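Dear colleague,

I am handing over the structure that follows, and below it I have set out what was found. Please read the notes with the model open beside them.

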Amino acid sequence: MPSGDDRAAVQEAIRGAILRGDYAPRQRLIEAELCERFGSSRFEIRNALQDLASHGLVEFQPNRGARVREITFAEVIEITEVRRMLEGFEAARAAERVTKAEAAALKQITRDMRAAVSRSELLRYSDLNRQLHGAIRDIAAHETSARLLRQLRDQTVRHQFSLSLVPGRPSVSLPQHEAIVEAVIAKDPSAAEAAMHAHLQSVIEAFRALSAAVAQP
């Protein structure tokens, strides 16, 4: 009987492969191939796929098995609306809890983000963006919201990456991130929440614009 740690490791491995883009949206996830790739039993693979389905990354089709779930722009926008509420709460909580060392770390991330923008290092900026949101989540130290946000962000990771590569987008989001950090460092929960709300509203509007552009013939 495989241990809980084994099952979790298999699930995390498949999750990572999906988030990296090893498997495309709507691509079938064949149990035999997954067993060979991840060195796991069909029982472990099946349990992992069921868990990932409950997290919105995988879906099961009648008589066809599992495949990577495709997330539409409409759903991405809805997810980001929920993120706006949760991350606003976390930003406010971070402002109440932040230490001097954590404040210094946040400032360093924004300095690195500004340097990435000046050098047009879009992939670097995208990575720092994730680091900053993750750092605020860690400072907030709220287990339930962190768990929910991890699931929500997993579902939108492909779209987030596409958005980060839109020309000019980092220059728009950089001052928004700086405003969030300044409010957190100032220990101003209301301002931190408002800044995070404004940033994610901007993300929603950018997704709407990107969706419209993709829909054009």
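Which residues make a nonpolar surface patch of about 270 Å²? Please keep in mind throughout that this is a predicted model. The patch is formed by L123, F161 and L165. Of these residues, L165 sits in the loop that runs between α7 (143-164) and α8 (169-185), and with a relative accessible area of 35% L165 is classed as partly exposed, because that class lies between the limits of 20% and 50%.

Turning from the surface to the interior, the largest nonpolar core has 38 residues, and those with the most contacts inside it are L106, M113, L132, I136, V184 and F207. At least two residues of this core come from each of α4 (73-97), α5 (100-118), α6 (122-140), α7, α8 and α9 (189-215), and α9 gives the most, with nine residues. If you would like a residue from which to look around, L106 is in contact with L132, A135, I136, I139, V181 and V184, once its neighbours within four places in sequence are left aside. Another core, of 16 residues, lies apart from this one, and among its members are I14, A17, A48 and A66.

Two further residues may help you to find your way through the model.

The one to look at before the other is F73, which is placed in helix α4. F73 has a relative accessible area of 18%, and it therefore counts as buried, the limit being under 20%. Although F73 and S211 are 138 residues apart along the chain, their C-alpha atoms are separated by 6.1 Å. Leaving aside the neighbours of F73 within four places in sequence, the residues in contact with F73 are H159, F207, L210, S211 and V214; F207 is also one of the residues with the most contacts inside the largest nonpolar core.

The other is N129, whose place is in helix α6. Is N129 buried or exposed? Its relative accessibility is 17%, so N129 counts as buried, again because the limit is under 20%. The side chain of N129 makes a polar contact, at 3.3 Å, with the side chain of H177. When neighbours within four places in sequence are left aside, N129 is in contact with M113 and H177, and M113, for its part, is among the residues with the most contacts inside the largest nonpolar core.

With best wishes

Definitions and conventions:
Residues are numbered from 1 along each chain as its sequence is written. This is a predicted model: local features need pLDDT of at least 70, side-chain atom pairs count only at pLDDT 80 or more; totals for chains, interfaces and linings use all residues. Side-chain values use heavy atoms; hydrogens and water are left out. Patches are made of residues with over 30% relative accessible area and no salt bridge: like charges are joined within 9 Å, nonpolar side chains (Val, Leu, Ile, Met, Phe, Trp, Tyr) within 5 Å. Accessible areas come from the Shrake-Rupley method with a 1.4 Å probe; for residues, only the protein chains shown count as cover. A salt bridge is a side-chain nitrogen of Lys or Arg within 4 Å of a carboxyl oxygen of Asp or Glu. Helices (H or I, at least four residues) and strands (E, at least two) are DSSP runs, numbered from the N terminus. Buried means under 20% relative accessible area, exposed over 50%, partly exposed in between (1.4 Å probe, protein chains only). A nonpolar core is a set of buried Ala, Val, Leu, Ile, Met, Phe, Trp, Tyr and Cys residues joined through side-chain atoms within 4.5 Å. Contact means heavy atoms within 4.5 Å. A polar contact is a pair of N or O atoms within 3.5 Å; within protein, one must be able to donate a hydrogen and the other to accept it, and residues adjacent in sequence count only if both atoms are side-chain atoms.
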